[in-house]
Structure formats: C-alpha cells, structure tokens
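The following exercises concern strand pairing, helix packing and a covalent cross-link. Each task is followed by a solution in steps.

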Amino acid sequence: MIRSWARAISFILLVALYVSFQKSDFIPIATAATARTTVFQTDSTESNNIAQFQVKNEAQLIDIPSVNPSIVLDIRYATQNNFTKRRLYPVARCLLRATVARKLSLVQQDLEKRGLGLKVYDCYRPLSVQRQMWRLFPNPRYVANPAIGSRHNRGAAVDVTLVDRNGDELEMPTEFDNFTVRAHVNYQGGSSQSRRNRQLLKNIMEKHGFISMPTEWWHFDADDWRKFSILDLPL
C-alpha cells in the first residue's frame with residue numbers, strides 16, 4: 001500500500017514538472033530565427049593571428065587591429081581627406097568578415113618578410129554610406145550603385161597600399177581616390193618604381209585570395225565575397 005502511494009506521488013510530481021516546463025519562458029540558446037551577423041573582437045589575451053585563431057562563425061565582422069595590429073590604419077572616410085570632402089564614418093574602424101581578415105593578415109605576414117607592410121584606407125562600409133557616395137559621384141566605374149551594393153558593403157573588400165618598415169607609403173601611380181585612368185591597374189605612365197610597387201601589391205594580394213579591380217589599384221575583393229550579404233550595420 002505504501003509503495004503504491006509512493007509511486008502515485010512520484011507520478012503526480014513528474015506531471016507537474018512537465019507542465020511547468022512547457023509553460024515557462026525557456027528559449028533555446030541558438031535557433032535559425034536568432035541567427036545574425038555579429039561584430040566580433042578577439043580578446044587581447046588571444047592570438048593576434050587569425051590564421052591560427054578559430055572563430056565559430058566566419059561571417060562575423062572582425063576588427064582587423066585585434067587580428068593583426070601591425071596593419072596600419074588610415075580610414076579616410078572617417079576624415080575629410082577623401083573624394084567626398086566629408087567625414088562619412090563616426091569612427092576610424094576597419095571591420096572585415098572573418099575569412100577576409102584571415103587573408104589580409106596573411107598578406108601582412110608575407111610583406112613583413114620583405115620589410116614592408118599594409119596600410120588600409122577602407123574596409124566594411126555601411127550601405128547608407130554607399131548611398132551618400134552614389135549621390136555625390138554616380139559613376140559605376142569607381143563607386144558601386146547602392147541598388148546592387150558594393151563588396152565593401154559585404155565586409156569583403158579592402159582599399160590598401162604598401163608601406164615601409166617606418167609606416168611611410170611607397171610610391172604608387174596615384175594617390176587614393178583618384179578617379180582617372182592613372183589609377184587603372186594597366187596604366188603605364190608614372191615612374192617605373194610606382195608601377196613596380198603597384199604590381200607587387202597586386203601580386204601579393206592575389207596570392208592570398210584577393211581579386212584586383214581594373215580601375216582602382218588600391219581596391220581588392222576577397223575571392224569568396226559572394227557568400228556574404230550586404231549590410232547596413234553602423235560603425
């Protein structure tokens with residue numbers, strides 16, 4: 001008799017717990033509905049080399065200084081020193097998708113063997129900024145139509161140049177944001193040294209998974225840019 005009552009009480013308690021659980025506000029930790037692009041910054045105690053640092057989501061946006069602090073930043077659209085003559089970014093920040101950041105870090109490591117390095121002018125660009133640029137200069141040879149979106153808007157493109165071990169820029173055929181034929185990668189004018197520097201940048205970027213843009217020697221798309229969506233996350 002006592003055992004029967006004990007079994008009955010145990011059954012009632014189990015039923016009560018089950019009902020309580022069903023009515024709770026329990027939310028799964030990860031679901032497809034909650035998936036989103038996140039901004040990820042590696043902890044200072046972690047490795048600076050993302051080629052060795054494992055991230056769970058390769059679509060995350062990564063702060064490039066936390067991946068490779070040797071890369072020099074000169075984010076022009078956070079200043080007035082750009083073709084718009086306006087400050088378009090509230091902060092000077094270089095965000096890239098994790099796979100793209102990995103590629104860029106490998107470029108920097110390769111250049112350091114030559115006593116050189118990278119300087120970055122632009123990385124991820126919000127779509128809202130792309131719209132501002134298009135209104136000022138609607139020329140698809142140099143500014144992507146926001147209706148289509150730029151590879152910058154995907155966090156999968158960079159504008160870069162070469163610097164020496166002191167951080168001084170190497171000579172190139174033009175300055176950044178020069179929208180003339182002199183900025184084209186096949187331009188044969190200018191000094192022979194500037195053309196050699198341009199070719200070195202192109203070669204080493206392509207070696208590590210980037211694609212050059214014919215009309216801008218400084219612009220490179222990651223070869224996997226198509227798998228990333230266009231973003232309008234604020235900097």
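**Exercise 1.** Determine in which sense strand 6 and strand 8 pair, and over how many bridges.

*Solution.* Step 1: strand 6 and strand 8 are antiparallel, with 3 bridges between them; two strands count as paired if DSSP finds at least two bridges between them. Strands (E, at least two residues) and helices (H or I, at least four residues) are DSSP runs, numbered from the N terminus. Step 2: within this pairing, D159 has H219 of strand 8 as its bridge partner.

The model is a predicted one, in which local features need pLDDT of at least 70 and side-chain atom pairs pLDDT 80 or more, whereas totals for chains, interfaces and linings use all residues. Residues are numbered from 1 along each chain as its sequence is written, and side-chain values use heavy atoms, without hydrogens and water.

**Exercise 2.** Place the remaining strands in the sheet and identify which strands stand at its edges.

*Solution.* Step 1: the sheet is open, has 5 strands in the order 3-5-6-8-7, and shows mixed pairing. Step 2: strand 3 and strand 7 (210-213) each have a single partner strand, so one side of each lacks a neighbour in the sheet; these are the edges. Step 3: strand 3 runs parallel to strand 5, joined by 2 bridges, and V72 is the bridge partner of K119 in strand 5. Step 4: strand 7 runs antiparallel to strand 8 over 4 bridges, the two being connected by a hairpin through 2 residues. F210 lies opposite A222 in strand 8.

**Exercise 3.** Find how many residues of strand 8 are buried, and which strands helix 5 lies across.

*Solution.* Step 1: 7 of the 7 residues of strand 8 are buried, that is, under 20% relative accessible area with a 1.4 Å probe, protein chains only. Step 2: helix 5 (residues 192-207) lies across strand 5, strand 6, strand 7 and strand 8, at about 125 degrees to strand 6. Such angles run from 0 to 180 degrees between N-to-C directions of axes fitted to C-alpha atoms, for helices over the stretch in contact, where contact means heavy atoms within 4.5 Å.

**Exercise 4.** Locate the disulfide and state whether C94 is buried or exposed.

*Solution.* Step 1: the sulfur atoms of C94 and C123 lie 1.9 Å apart, and a disulfide requires them within 2.5 Å. Step 2: C94 lies in the loop between strand 3 and strand 4 (95-97), and C123 in the loop between strand 5 and helix 4 (127-136), 29 residues apart. Step 3: C94 is buried because its relative accessibility is 1%.

Terms used:
Buried means under 20% relative accessible area, exposed over 50%, partly exposed in between (1.4 Å probe, protein chains only).
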